[in-house]
Amino acid sequence: MTTQDGQLTPAPTSSLNRRRMLAVALGGAATVALPAPAWAADDLRPGAVRAPQLTPEDRKIVRQASAKRALNDLFTLSEKIGPRIGGTASERRAADFIARTLDRMGYDTVLQPFPVADKFLADLSSPTRLPWDLCWQAGASAHGALDTKVRGQVIDVGSGAAENYPANAAGRIVLIDYVAAQREQLVATALAKGAAAVIFLPADAVAPRRASAFTPTLPGSAANPVPIPVVGVAQAQKHRLRELVAAQRLVLVIKTSAHRNLISNNVIGERLGTSGPNGPVVMVCAHYDTVIGAPGANDDGSGTVLALELARVLKNTPTNATIRFALWGSEEQGLIGSRYYVRQLPQAERDRFLAVYNNDMVATSWDPATRYWLLSFTGQSNRATDEVAAAAVRLGYEPQLSPVTQRGASDHQSFQEAGIASANFSWRGEESPALLEPPYHSPEDTIEKNISLERLQVSLELIGAATHRTAVDG
């Protein structure tokens with residue numbers, strides 16, 4: 001989800017049903033146990049106030065939709081591919097995976113390319129290995145040394161004042177608390193002391209937020225770069241690095257890279273409805289890119305795999321309307337992919353849309369994320385919010401839904417700006433849609449730390465039932 005501050009209401013013993021656990025192998029390094037959904041179509045759901053009252057059409061959807069199956073796709077995106085920064089090779093690997101998946105299901109699938117800004121990244125590693133449970137990608141300054149690799153012992157110089165440096169700082173990698181107004185002097189001091197690289201550490205964000213990895217800006221130009229790497233890590237990485245330095249002699253390898261002349265892609269797959277090529281369209285969408293340093297399991301791997309799972313469920317289901325699945329590139333840079341898509345649509349094509357169901361962060365395991373939010377950029381209800389609210393009534397979930405609430409900052413905004421009925425659907429804290437989980441935009445947004453299969457299953461049922469009803473009715 002792109003930045004603009006910001007999940008089932010608890011059943012008596014938590015909203016999560018823990019009758020059985022699903023073991024997930026994470027790259028052979030560890031096994032994670034997730035609570036697995038364990039209810040039949042007509043069962044009372046965890047946190048629901050009553051048994052569902054499903055239509056025959058609803059029952060077809062909820063019997064087939066499987067969060068457990070969707071987890072396989074999520075493993076590929078967040079664990080095998082990892083951070084998917086707009087326009088970089090990792091984002092393209094994700095786009096190709098999504099396109100192949102839709103192709104195999106029989107959808108008419110295309111990649112829609114568009115240009116995006118340059119990116120500057122860093123990868124941290126150690127000969128003795130860094131903790132596996134964190135992603136170790138960070139941001140690199142465009143005015144530091146790029147496309148290079150340095151190795152050195154790490155020292156913590158706190159605020160970065162000259163007196164904080166030991167006598168033998170030459171060749172060391174230094175940890176420095178980042179203060180934007182002092183960044184030029186902090187780097188100058190590190191250079192004067194002979195440092196091999198600077199790792200800037202962000203100030204801790206206000207709980208429950210945790211600061212993200214960042215790309216430090218520095219005075220200077222491409223013609224006169226700082227001759228050492230300057231990188232910005234996330235809050236979780238900061239604390240782990242300081243613990244490691246305090247406990248042992250830590251050696252790091254920092255590899256920086258410049259990614260220029262970038263092309264990002266939207267992935268669009270559709271199945272024609274019985275009304276034909278000029279008939280109405282129902283869209284299910286999500287973004288598949290991430291911010292720097294985040295594996296993006298929930299933001300927004302969860303929305304992406306929801307779309308892919310519903311594509312499986314609906315691929316052979318006759319509907320009046322065309323069903324279109326869209327996975328957006330470069331959302332995290334300002335909704336670039338979805339805005340590009342909407343701009344290319346002639347008015348006649350815009351008029352075909354009945355509803356756009358955007359799914360951004362639909363599976364967090366954070367306990368306080370007890371509300372399923374209906375978020376509209378205009379603050380007004382529309383076909384998308386109405387159909388999901390009606391599906392919630394049929395499934396017995398209506399007390400867990402927010403009222404329609406004004407909020408943009410995800411791809412539904414691109415459509416509502418053009419007058420197309422759309423909304424964003426997301427699990428967040430009960431008090432406000434701004435109350436997002438601590439792993440948001442962080443190296444801890446992993447399957448292990450930030451995914452609930454039960455919340456993903458509920459999201460699948462709500463969006464699946466709403467999408468199917470819309471597409472059948474036309």
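Does Ser-257 count as buried or exposed, and at what relative accessibility? In this predicted model, the relative accessibility of Ser-257 is 16%, so the residue counts as buried, the cut-off being under 20%.

Ser-257 is part of strand β10, which covers residues 251-259. Its side chain forms a polar contact of 2.9 Å with the side chain of His-259, a residue at the end of the range given for β10. Beyond four places in sequence, the residues in contact with Ser-257 are Lys-119, Phe-120, Leu-121, Leu-146 and Asp-147.

A second serine, Ser-414, is located in helix α10, formed by residues 412-416. Ser-414 has a relative accessibility of 4% and therefore counts as buried. A polar contact of 2.7 Å links the side chain of Ser-414 to that of Ser-338. Ser-338 also appears among the residues touched by Ser-414 when those up to four places away in sequence are left out; the others are Leu-335, Arg-339 and Val-342.

Leu-218 was examined in a loop region. The loop connects β8 (197-201) with β9 (230-232). Despite this loop position, Leu-218 counts as buried, because its relative accessibility is 7%, and the cut-off is under 20%. With residues up to four places away in sequence excluded, Leu-218 touches Ser-141, His-143, Arg-183, Val-187, Val-226 and Val-230. Of these contacts, Val-230 falls within the residue range of β9. Between the C-alpha atoms of Leu-218 and Ala-161, the separation is 18 Å, with the two positions 57 residues apart along the chain counted as their distance apart.

At the level of the whole chain, twelve helices and 17 strands were assigned. The radius of gyration of the protein chain is 23 Å, and a compact globule of 474 residues would have a value near 23 Å, so the two agree. Along the principal axes, the C-alpha atoms occupy a box of roughly 75 × 50 × 40 Å. Buried residues make up 62% of the 474 in the chain, and Ser-257, Ser-414 and Leu-218 are among them.

The surface exposed by the protein chain amounts to about 17,300 Å², of which 51% is supplied by carbon and sulfur atoms. Charged side chains comprise 47 positive and 46 negative ones. The centres of these two sets are 4 Å apart.

Conventions:
Residues are numbered from 1 along each chain as its sequence is written. This is a predicted model: local features need pLDDT of at least 70, side-chain atom pairs count only at pLDDT 80 or more; totals for chains, interfaces and linings use all residues. Side-chain values use heavy atoms; hydrogens and water are left out. Helices (H or I, at least four residues) and strands (E, at least two) are DSSP runs, numbered from the N terminus. Buried means under 20% relative accessible area, exposed over 50%, partly exposed in between (1.4 Å probe, protein chains only). A polar contact is a pair of N or O atoms within 3.5 Å; within protein, one must be able to donate a hydrogen and the other to accept it, and residues adjacent in sequence count only if both atoms are side-chain atoms. Contact means heavy atoms within 4.5 Å. The radius of gyration is taken over C-alpha atoms; the globule rule is 2.2 Å times the number of residues to the power 0.38. Accessible areas come from the Shrake-Rupley method with a 1.4 Å probe; for residues, only the protein chains shown count as cover. Lys and Arg count as positive and Asp and Glu as negative; His and the chain ends are not counted. The place of a charge is taken as NZ of Lys, CZ of Arg, CG of Asp or CD of Glu.
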